[in-house]
Amino acid sequence: MEKNSHLPLYATKSAKARIPFQLFALLLFVGVCFIFVYRVSNIPSEEEAGRWAWIGLFLSELWFCLYWFITVIVRWNPIYRCTFKDRLSLRYEEALPGIDIFVCTADPMIEPPAMVINTVLSVMAYDYPPQKLNVYLSDDGGSDLTFYAMVEASSFSKIWLPFCKKFKIEPRSPEAYFRTAVEPLEDHVTAKEWSSIKKSYEGMKKRIETTTKLGRTSEEIRKQHKGFREWNLVASRRDHQTILQILIDGKDPKAVDIEGQPLPTLVYLAREKRPQYHHNFKAGAMNALIRVSSRISNSPIILNLDCDMYSNNSESVRDAVCFYMDEEKGHEVGFVQFPQSFENITKNDVYGSSLNVIMGVEIPGFDGNGGPLFIGTGCFHRRNALCGQKYSDQECKVNWKEWNGIKIEESAGVLEDTSKVLASCTYEEKYTQWGNEVGLKYGCPVEDVLSGLAVHYRGWRSIYFNPARKGFIGLPPTTLLQSLVQHKRWSEGDFQIFASKYCPFVYGYKKIPLKLQLSYCIYMLWAPNCFATLYYVAVPSLCLLRGISLFPKLLSAWMLPFAFVIIFHRAYSLGEFLWFGGTVQGWWNDQRMWLFRRISSYIFGFLDYILKLVGFSKSAFVVTEKVADDDVSERYEQELMEFGASSPMFTIIATLALVNVFCLVGGMKKVIRMDVQSLVSEPFTLQILLCALLVLINLPVYQGLFLRKDKGRMPTSVTQQSVMFALLACALAMY
């Protein structure tokens, strides 16, 4: 024990094989410089056609180079962490801090209660002293259906938690476990208990799903708990009083499981909603939870989760605590971010949702540059840092063996009554620092990124931890529109931060390292990325139709830097994607989504920000749907792109796809008429290849427009509009 008392609780390792990447970046930069020399030295004269198209292409390439430079800074020195949980147990098992766990849901129709309670049960079953776990559900839908599911979960936890700990099962979400686990037939006693637990879970799930389909709770159900009486006063989900129910009081000696072991505290909260008050979406829900939990449990560490992001690793909480309780650097840590991982990704990830490269390279790069950003879920926060405290080397040091926090002795009934005011609409009018200097920040579609940035500005360090067994697993979008809308919100919010007083280069000046300021820009500049991409996708193809050359001839020496940069950069991208478990087809799908997002999501994200700036638009938070119709799910599993609904985003994508196919036909007419000698000296060869590549990457769009007959095809209205716009663009280019 004495020997281990000074050993660190975590270690930091630099990424291997960084020299090859740095050499790759240097060689690519040299190639880019040659491209710029070509562009500058071959600008058409004022009399020549295509001068402005040439200059526009040059400016687009300058932008791509700037953005690529930022990505290089992020990827230059990624670091990885490992924890020593055995040392934590030996040193601090009796002094482990309390953990408040926040799970947020907003709509029982989009986020089914059966899914929500699986997340709740998975964190209740953590390998951690149960009396130090406090689980809070924020129900912004104010639904008695979700409350009923929580009542059922509180009862089921009495048999589920002992089962998890007895057999050390993983994961501890009942749905995820029983979906993959095999009944242990070799041991009759174990098999009997296993079957009994599964039967109990399936019965509970059936009752919850049946009630959810009905859309209301029956009189018989309402007799099960006093909390249902609260819904007698509810006018609507947007107009109701605070509903706060402590379903399990962890301090109550009677709150035990079937084996007599204490249960974690379990709390249901639906904060007050009134039509005349802005509720500030998820940030408002989180701030209400921070205040209510400070009255009920007041744990020094807070874990926040989306309702679909169940715990996949029962030791994640101990991993996080290792960073906070490390004697040398633990007091510097403001939050510990775990990666986002997903369970229903198709083999080739048709919508590019896995985020494997981002989570495997970019976020560790953030960590190496000063700390990862807060990505909204799977994050352990220091309560004081989240509540506005500035970092101080002396004041923030904690002796965990002597720290006991604030003892809260009131009964559950008293706490329910006295805590309701903390979740009222008027509370923040009196204490106006909430949403500004205290808690999560308001007024931004990506409140998580802004709030994490504010923690950095106050001097705290953040940590990124990516364990071998994923800490949390959620659900990605299962339709193209869901994915595009999600990225539209992200790009709009990130650019709003960049253009506000919270810009890393302004507010973060001398507060965070320059490398970290630049790192944040990799996402904050998503929205303006649309313009250079849109130009490169449309203008070279239209110039091909007009007979204007924008690239060197095939046998020209200037073709070499273009070929080198394009092939070398894409080859590295493919290798990186494969390294993190992807497939070649998956990489190709990822390239397609890269294009789609930049020519649709990011355009609308940028435009929405501008409209909001001039007062024509208001902030809105779109909850990503967590359930899909059977036919949509079937097409998703078959990796058929889902167009289905009509959207202006689809109109842009389809129009540009058709522009490129029309221009390719025009370009190929020239190729067919040429002999081999003329072909290699043809100045349009690279433009034809670029156009052909864009046609190839848009094949699912053409299928959706003209070939598919299922409900996931492109809507007729979108097809008609895109054909009309594409023909108009080509006509204008030719004449």
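I take two strands as paired if DSSP finds at least two bridges between them. The model I am reading is predicted.

**Small sheet**

I looked up the three-stranded sheet first. The sheet is open, its strand order is β8-β13-β10, and the pairing is mixed. β8 (310-311) and β10 (341-342) stand at the edges; each has a single partner strand, so one side of each lacks a neighbour in the sheet. I then checked how β8 meets β13 (residues 472-474): the two run antiparallel and are joined by two bridges. Which residue in β13 is the bridge partner of Tyr310? I find Ile473 there.

**Eight-stranded sheet**

I traced the other open sheet as β5-β6-β4-β3-β7-β11-β9-β12, again with mixed pairing. Its edges are β5 (243-248) and β12 (461-464), each with a single partner strand, so one side of each is left without a neighbour in the sheet. I noted an average turn of 20° between neighbouring strands of this sheet, direction ignored. I followed β9 (residues 333-337) to β12 and found parallel pairing over four bridges. In β12, Ser462 is the bridge partner of Phe335.

**Nonpolar cores**

I listed the largest nonpolar core at 108 residues. The members that touch the most others are Ile101, Tyr126, Trp160, Tyr268, Val336 and Phe380. Helix α5 (residues 144-167) gives the most to this core, namely eleven residues. I also logged a second, separate core of 66 residues, with Phe650, Ala657, Tyr702 and Met714 among them.

I went back to Val336 for its contacts, leaving aside neighbours within four places in sequence. Val336 is in contact with Ala320, Phe323 and Tyr324, with Gly378, Cys379 and Phe380, and with Ile463 and Phe465.

**Cysteines**

Cys379 turned up in the Val336 list, and I looked at the cysteines next. How many disulfides does the model hold? I count zero. The cut-off is 2.5 Å between cysteine sulfur atoms.

Why is Cys307 not bonded to Cys104? The two sulfurs are 8.5 Å apart, too far for a bond, and Cys104 holds the closest cysteine sulfur to that of Cys307. For Cys379 the closest cysteine sulfur is also in Cys104, at 13 Å, which is too far for a bond.

Are these two residues, Cys307 and Cys379, buried or exposed? I entered Cys307 as buried at 1% relative accessibility. Cys379 is buried too, with a relative accessible area of 0%.

Notes: Residues numbered from 1 in each chain as written. Predicted model: local features only at pLDDT ≥ 70, side-chain atom pairs only at ≥ 80, totals over all residues. Heavy atoms only, no water. Buried < 20%, exposed > 50% of the residue type's maximum accessible area, 1.4 Å probe, protein only. Core = buried A, V, L, I, M, F, W, Y, C linked by side-chain atoms within 4.5 Å. Contact = heavy atoms within 4.5 Å. Axes fitted to C-alpha atoms, helices over the stretch in contact; angles between N-to-C directions.
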